[in-house]
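Student: I have a new model open and would like to practise reading it with you. Where shall we begin?

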Amino acid sequence: MAYLFLLGAITAEVIGTSLLKATDGFTRLWPTLGLAVAYVSSFGLLALAVKEIPVGVAYAIWSGLGTAAIMAIGAAFLGEPLSVAKVMGAGLVIAGVVVLNLDGAH
C-alpha cells in the first residue's frame, strides 16, 4: 500500500509542477489553486508512504521519477527541447533510484 501512496504522491507532484507555468507567476487563480491542491496532496501522500518506506528511498523515487516525468511532459507538451545530456541525466537519476531500492531491499 505504501508504494501506491508513493505513486499517488509522484502523480500529484507532476500535476502540480505541470501547472506551474500556467499560474503565470501565481497571478491566475485556478491554475494556482490546482497547483496548491496538487502539492499539498503530494506531500500528504508522501508522508503516508514514508510510514513503511525508508524516507531516503521514498524521496529518491519521488524526486527522481517526478523529474523524469516532468522532463518528458515538458518535451511532449510544453515545447521544451530534449538533448542527449538531458536524457542521460534522467537516466542517471533513474539508475540512482534503482540502486537505492536494491540497497534498501537487504
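Tutor: Let's begin with burial inside one helix. This is a predicted model, and in its helix α3 the buried residues are Val57, Ala58, Ala60, Ile61, Trp62, Gly64, Gly66, Ala68 and Gly74.

Student: How many residues does α3 have, and what span should they give?

Tutor: The general idea is to count 1.5 Å a residue and compare that with the distance between the end C-alpha atoms. For α3, 23 residues should span 33 Å, and the ends are 32 Å apart, so the two values agree. Just after α3, glycine 79 has a positive phi of about 70°.

Student: What does the same check give for α1?

Tutor: Its 18 residues should span 26 Å, and the end C-alpha atoms lie 26 Å apart, which agrees. The buried residues in α1 are Ala2, Leu6, Ala9, Ile10, Ala12, Glu13, Val14 and Gly16. As for partners, the buried residues of α1 pack against α2 and α3.

Student: Let me step back to the whole chain. How many helices and strands are there?

Tutor: There are four helices and zero strands, and reading along the sequence gives α-α-α-α. The C-alpha trace spans about 45 × 35 × 15 Å along its principal axes. The chain has 106 residues, and 26% of them count as buried.

Student: Which residues have the most contacts inside the largest nonpolar core?

Tutor: Here is the general idea: in soluble globular proteins, nonpolar side chains tend to be buried together. In this model, the largest nonpolar core has 14 residues, and those with the most contacts inside it are Leu6, Ile10, Leu46, Ile53, Ala58, Ile61 and Trp62. Three helices each supply at least two residues of this core: α1 (2-19), α2 (29-49) and α3 (55-77).

Student: Could you take one core residue as an example? What does leucine 46 touch?

Tutor: Leaving aside residues up to four places away in sequence, leucine 46 touches Leu6, Ala9, Ala58 and Trp62. For the chain as a whole, take the contacts between residues at least 6 apart in sequence: 64% of these join residues at least 24 apart.

Student: I also see glycine 44 in helix α2. What is its relative accessibility?

Tutor: Glycine 44 is at 35%, so it counts as partly exposed. It is a nice example of distance in sequence against distance in space: glycine 44 and phenylalanine 5 are 39 residues apart along the chain, while their C-alpha atoms are separated by 9.0 Å.

Student: Now a loop residue. Is threonine 23 buried or exposed?

Tutor: The place to look is the loop between α1 and α2, where threonine 23 sits. Buried means under 20% relative accessible area; threonine 23 has 1%, so it is buried. Beyond residues up to four places away in sequence, threonine 23 touches Arg28, Pro31, Thr32 and Leu35.

Student: And on the outside, which residues make the nonpolar surface patch?

Tutor: Leu65, Ile94, Val98 and Leu102 make a patch of about 320 Å². Helix α4 (residues 84-104) gives the largest share of it, three residues. Isoleucine 94 lies in α4 and has a relative accessible area of 34%, so it is partly exposed.

Student: What is the accessible surface of the whole chain?

Tutor: The total is about 6,600 Å², and 76% of that belongs to carbon and sulfur atoms.

Terms used:
Residues are numbered from 1 along each chain as its sequence is written. This is a predicted model: local features need pLDDT of at least 70, side-chain atom pairs count only at pLDDT 80 or more; totals for chains, interfaces and linings use all residues. Side-chain values use heavy atoms; hydrogens and water are left out. A nonpolar core is a set of buried Ala, Val, Leu, Ile, Met, Phe, Trp, Tyr and Cys residues joined through side-chain atoms within 4.5 Å. Buried means under 20% relative accessible area, exposed over 50%, partly exposed in between (1.4 Å probe, protein chains only). Contact means heavy atoms within 4.5 Å. The expected span of a helix is 1.5 Å times one less than its number of residues. Patches are made of residues with over 30% relative accessible area and no salt bridge: like charges are joined within 9 Å, nonpolar side chains (Val, Leu, Ile, Met, Phe, Trp, Tyr) within 5 Å. Accessible areas come from the Shrake-Rupley method with a 1.4 Å probe; for residues, only the protein chains shown count as cover. A salt bridge is a side-chain nitrogen of Lys or Arg within 4 Å of a carboxyl oxygen of Asp or Glu.
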